[in-house]
Amino acid sequence: MKKSFVVLLLVASLLLVACGTAEIPVTEAPASSEATSSQSSAVVESSAVAEASSSEAPASSEASSSAEAAPADVVEVQVVLGDNWVQSSITTFKVGVPYRLVITNSGGRVHNFNIHPVAEKSDAGIQFALDNALLSVPDSQLRPGSQVVVDFTFTQAGNFEFSCLIPRHFKSGQYFEVTVEP
Ligand SMILES: [Cu+2]
């Protein structure tokens, strides 16, 4: 009598489990058949385990904040190179102020980027510009679509140019004059 009661209880609880977990995929069925070999309390136990595992808190991952932001006193400048033109978001600079030049080649051709005193648009001028450049970013870093970030601080006042010194480009207008104040 007692044994049949246990069996009944098992069947009843199995039915309950079957009804209550209708949405559980078939692949999880073996877990309930396992319970039939042991006592009815096993069903309770297994559901308790399921509850425990489902309420298990996911490992809280500390958000690794990559502090790449520029310090507050750095002034960001957007410099855009196109096909034979240059633009800068700032045209008047100051000696001693740290600038962060974000240089983007938006053109379809390779360019380079230079800062130098105002130069003649001739071969001699290009040589002068190269010889007196304060900064030069080579062609290899400024392919179409490339972006280069350079921190730069002027140490002397005067009139300078942002340019691409590929001869044909410079001669056809790829320069932008800027002023540096003391
Ligand atoms: Cu160019």
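**Close-up views of strand pairing and selected residues**

**View 1. Antiparallel pairing of strands E4 and E7 in the predicted model.** Strand E4, which spans residues 99–105, is joined to E7 by 6 bridges in the antiparallel sense. Within this pairing, Val102 has Val149 of E7 as its bridge partner.

**View 2. The open sheet of 4 strands that contains E4 and E7.** The strand order is E2-E1-E4-E7, and the pairing is mixed. Strand E2 (85–88) and strand E7 (147–152) form the edges, each of them pairing on one side only. On average, and with direction ignored, neighbouring strands of the sheet are turned by 20 degrees against each other. In general, the strands of a sheet pair through backbone hydrogen bonds, in either a parallel or an antiparallel manner.

**View 3. Surroundings of Thr104 in strand E4.** Thr104 is partly exposed, because 18 other C-beta atoms lie within 10 Å, whereas 20 or more would make a residue buried. Apart from its neighbours within four places in sequence, Thr104 is in contact with Val80, Leu81 and Gln147. Gln78 is 26 residues away from Thr104 in sequence, and the C-alpha to C-alpha distance between the two is 7.8 Å.

**View 4. Surroundings of Asp83 in the loop between strand E1 and E2.** Strand E1 comprises 75–82, and Asp83 is located in the loop between this strand and E2. Asp83 is partly exposed, because 15 other C-beta atoms lie within 10 Å, a count between the limits of 12 or fewer for exposed and 20 or more for buried. When residues up to four places away in sequence are not counted, Asp83 touches Gly107, Gly108 and Arg109. Asp83 and Gln174 are separated by 91 residues in sequence, but by 7.7 Å in space, C-alpha to C-alpha.

**View 5. Strand E9 and its pairing with E3 and E8.** Strand E9 (residues 175–181) runs parallel to strand E3 (residues 92–94), and 3 bridges join the two. Lys94 has Glu181 in E9 as its bridge partner. Strand E8 (residues 158–163) pairs with E9 in the antiparallel sense over 6 bridges. In this second pairing, Ser163 has Tyr175 of E9 as its bridge partner.

**View 6. Residues 1–67, with pLDDT below 50.** The average pLDDT of the protein is 76, and 61% of the residues score at least 70. Over residues 1–67 the pLDDT is below 50, and this stretch has 14 contacts in the model beyond near neighbours in sequence.

Terms used:
Residues are numbered from 1 along each chain as its sequence is written. This is a predicted model: local features need pLDDT of at least 70, side-chain atom pairs count only at pLDDT 80 or more; totals for chains, interfaces and linings use all residues. Two strands pair if DSSP finds at least two bridges between them. Axes are lines fitted to C-alpha atoms, for helices over the stretch in contact, and angles run from 0 to 180 degrees between N-to-C directions. pLDDT is the predictor's confidence in each residue, from 0 to 100. Two residues are in contact if their C-beta atoms, placed from the backbone, lie within 7 Å.
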